[in-house]
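Subject: Structure handover

Dear colleague,

Please find the structure below, with the sequence. My notes on it come after.

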Amino acid sequence: MGKAKSGKSSANSKRAPAAQLLDGDFLSSELQAVLTAIFHRFDVDSDGALNAYEVQSYTRTCNGGEGLDDDELEQMRQYFDKDGDGNLTLRGFFQMYHLQTQARPVDTWNDLKALGYNKALQPVTADAVADSERRASGAEKGSVQPPATALAPAAEAPTMGEVEQVAAKEELRASLVGVQEHPEGPEAHRRVAAALQALGRGDAANRSLRQAEALEASNACETGNPVLVNHTAALKCLLSAS
């Protein structure tokens, strides 16, 4: 859920044909379809709900890397529909966006832009296009559907047996717990990435790897060893120190 942002829209976004966000007092069918695709993008373990790690991944994407604090997470659990484990359901995701869109539609538009959609609710980034392709292929909740941006070609990946798939999902759940316990630990995020890759979720694995690299860069800056990460990280460290 996007936090309030200021600033004017670009000329290109003004010219784009704007889709309808609300249909009377309800979310429009077009917006519901896009929100459903976004929800499943971040439901990395395909259990039909967003846990704290998945909510933070979604929120950081909307807000330029800024996540929710503990109070904001607790408010989300209190106000919107959740499952028995306290995780945000698709119904709760709709409730959240219904409330935001009625009060501040500009925030919903900002979220959609950050998530890869234009004013016509059409996908314009690789992740959003992958959303659209999964939706078009009829991927169901709980299925393991390799996205278009998978690290390895889906056609070359062996079909996982039932036992292996259960084991992979258990590893993913365990790795997500590790991230919740050590959110600033790069290795915890790399473990999540490996588990996601084993399940064929290449786009989500890439996001976890990028988060791990960002944390490594941040840690290198703090320890004064940016050379251990990469040239980009070193440049950022040097600029921040100047």
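The notes run from the whole chain to the cores, two loop residues, the cavities and one helix residue.

This is a predicted model, in which local features need pLDDT of at least 70 and side-chain atom pairs count only at pLDDT 80 or more, while totals for chains, interfaces and linings use all residues. Residues are numbered from 1 along each chain as its sequence is written, and side-chain values use heavy atoms, with hydrogens and water left out.

Overall

The protein has 11 helices and 4 strands; these are DSSP runs numbered from the N terminus, helices being H or I with at least four residues and strands E with at least two. Of its 242 residues, 38% are buried (under 20% relative accessible area, with exposed over 50% and partly exposed in between; 1.4 Å probe, protein chains only). Among contacts (heavy atoms within 4.5 Å) with a separation of 6 or more, 59% are between residues 24 or more positions apart. The exposed area is about 13200 Å², and carbon and sulfur atoms supply 53% of it. Accessible areas come from the Shrake-Rupley method with a 1.4 Å probe; for residues, only the protein chains shown count as cover.

Cores

A nonpolar core here is a set of buried Ala, Val, Leu, Ile, Met, Phe, Trp, Tyr and Cys residues joined through side-chain atoms within 4.5 Å. The largest one has 28 residues, and those touching the most other members are Ile 38, Tyr 58, Phe 93, Tyr 97 and Leu 112. Two or more residues come from each of H2 (29-42), H3 (52-62), H4 (70-79), H5 (90-103) and H6 (105-114). H2 gives the largest share, 7 residues. Beyond its neighbours within four places in sequence, Ile 38 is in contact with Phe 93, Leu 112, Leu 115, Tyr 117 and Asp 131. A second, separate core has 13 residues, including Val 44, Val 192, Leu 196 and Ala 205.

Positive phi

Most residues other than glycine have a negative phi. Ser 46, not a glycine, has a positive phi of about 55°. Ser 46 sits in the loop between H2 and strand E3 (49-50) and is buried at 14% relative accessible area. Leu 121 also is not a glycine and has a positive phi, of about 60°. Its loop runs between H6 and helix H7 (126-136), and Leu 121 is buried, with a relative accessible area of 8%.

Cavities

On a 1 Å grid over the protein atoms alone, a cavity is a set of points where a 1.4 Å probe fits but cannot get out, and lining residues have an atom within 4 Å of a point. Points are joined across faces, edges and corners, and a volume is the space filled by probe spheres set on them. There are 2 cavities of 30 Å³ or more, and the largest has a volume of about 80 Å³. Its lining has 13 residues, with Leu 50, Val 55, Arg 77, Gly 86 and Leu 88 nearest the centre. H3 and H4 each supply at least two lining residues; H4 gives the most, with 3. By class, the lining has 7 nonpolar, 3 polar and 3 charged residues, where Ala, Val, Leu, Ile, Met, Phe, Trp, Tyr, Cys and Pro count as nonpolar, Asp, Glu, Lys and Arg as charged, and the others, Gly among them, as polar.

Glu 133

Glu 133 lies in H7 and is partly exposed, at 41% relative accessibility. The C-alpha atoms of Glu 133 and Ala 37 are separated by 9.6 Å, with the two residues 96 apart along the chain.

Regards

Conventions:
1 Å grid on protein atoms, 1.4 Å probe; cavity = no way out; pocket = protein on both sides within 12 Å on 5 of 7 lines; lining within 4 Å.
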